[in-house]
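Please work through the exercises below with the sequence and the 3D structure at hand. Try each task before you read its solution.

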Amino acid sequence: MIASKNGQTTIAPFIDARAVMARLDEAFGPFGWQVRYTPAQVGEEHGVIASIAVKNPDTGEWVEKQDGSGATDLEPFKGGISGALKRAAVAWGIGRELYTYPRVVIEGEHRYIPQKVLERLKGLPEAVAQGKPLPEVIRLTPDGEAARRKAG
């Protein structure tokens with residue numbers, strides 16, 4: 001994900017719904033999992049609950065985990081369904097490691113991640129996988145150098 005505003009760009013790792021489906025297919029086979037969507041409402045807010053069920057290969061029993069999401073700003077219906085699926089996938093451990101990544105802030109507003117920043121961050125997935133201590137936020141210049149925090 002990339003978001004630019006107020007003179008800076010924030011990037012964060014994410015998983016999309018197709019990657020969730022591919023991972024479930026890989027782990028359980030195309031007939032070993034299923035998803036069901038249920039409309040939900042809390043107060044005035046509308047959303048959807050995604051329930052991912054996985055078939056236990058030993059017993060044939062279906063085990064279900066679920067989570068939900070509200071509508072999104074862009075393509076509200078599709079975005080809500082996709083968000084609910086991704087959140088339910090986290091309950092199964094898919095994409096959970098993405099929450100351990102630091103937030104990366106780049107000076108300036110960028111539509112794309114500068115190449116030097118990508119080069120600087122190329123070892124980040126391995127550091128996360130190894131459980132190395134990482135800062136909560138990494139601040140970089142577009143040249144991939146450590147940025148100094150502006151005094152506020």
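**Exercise 1. Following the strands from the start of the chain**

Task: How do strand β1 and strand β2 pair, and over how many bridges?

Solution: Begin with strand β1 (residues 2–5) and strand β2 (residues 8–11), which pair in the antiparallel sense over four bridges. Two strands are said to pair if DSSP finds at least two bridges between them, while the elements themselves are DSSP runs numbered from the N terminus, helices being H or I runs of at least four residues and strands being E runs of at least two. Within this pair, Ile2 stands opposite Ile11 in β2. Next, look at the connection: β1 and β2 form a hairpin with two residues between them, and Asn6 in the turn has a positive phi of about 55°. Finally, follow β2 to strand β6 (residues 103–107), with which β2 pairs in the antiparallel sense over four bridges; here Val104 in β6 is the bridge partner of Ile11.

Before going on, note how the values were obtained. This is a predicted model, in which local features need pLDDT of at least 70 and side-chain atom pairs count only at pLDDT 80 or more, whereas totals for chains, interfaces and linings use all residues. Residues are numbered from 1 along each chain as its sequence is written, and side-chain values use heavy atoms, with hydrogens and water left out.

**Exercise 2. The three-stranded sheet and its helices**

Task: In which order do three strands form an open sheet, and which are the edge strands?

Solution: The order is β3-β4-β5, and the pairing is antiparallel. The edge strands are β3 and β5, since each of these pairs on one side only. From one strand to the next the twist averages 20°, where axes are lines fitted to C-alpha atoms (for helices over the stretch in contact) and angles run from 0 to 180 degrees between N-to-C directions. Nine bridges join β4 to β5, which run antiparallel, and Ile52 stands opposite Lys65 in β5. Now add the helices: α1 packs on the sheet, touching β3 and β4, and the direction of α1 makes about 140° with that of β3. Helix α2 also packs on the sheet, touching β3, β4 and β5, with a direction that makes about 135° with that of β5. Contact here means heavy atoms within 4.5 Å.

**Exercise 3. Salt bridges**

Task: How many salt bridges does a search of the whole structure find?

Solution: The search finds four salt bridges, a salt bridge being a side-chain nitrogen of Lys or Arg within 4 Å of a carboxyl oxygen of Asp or Glu. One of them joins the side chains of Arg23 and Glu26 at 3.4 Å, N to O. Because these residues are three apart in helix α1 (residues 17–28), Arg23 and Glu26 are separated by about one helical turn. Another joins the side chains of Arg36 and Glu64 at 2.7 Å, N to O. This pair links distant parts of the chain, with Arg36 in strand β3 (residues 33–42) and Glu64 in strand β5 (residues 62–70), 28 residues apart. The side chains of Arg87 and Asp67 also meet in a salt bridge, at 3.6 Å, N to O, and this pair too links distant parts of the chain, namely helix α2 (residues 76–91) and strand β5, 20 residues apart.

**Exercise 4. A serine in strand β4**

Task: Is Ser51 buried or exposed?

Solution: Ser51 lies in strand β4 (residues 45–55), and at 1% relative accessibility Ser51 counts as buried, which means under 20% relative accessible area, with exposed being over 50% and partly exposed in between (1.4 Å probe, protein chains only). The side chain of Ser51 makes a polar contact with the side chain of Gln66 at 2.8 Å. A polar contact is a pair of N or O atoms within 3.5 Å; within protein, one must be able to donate a hydrogen and the other to accept it, and residues adjacent in sequence count only if both atoms are side-chain atoms. Not counting residues up to four places away in sequence, Ser51 touches Gln34, Val35, Arg36, Glu64, Lys65 and Gln66.
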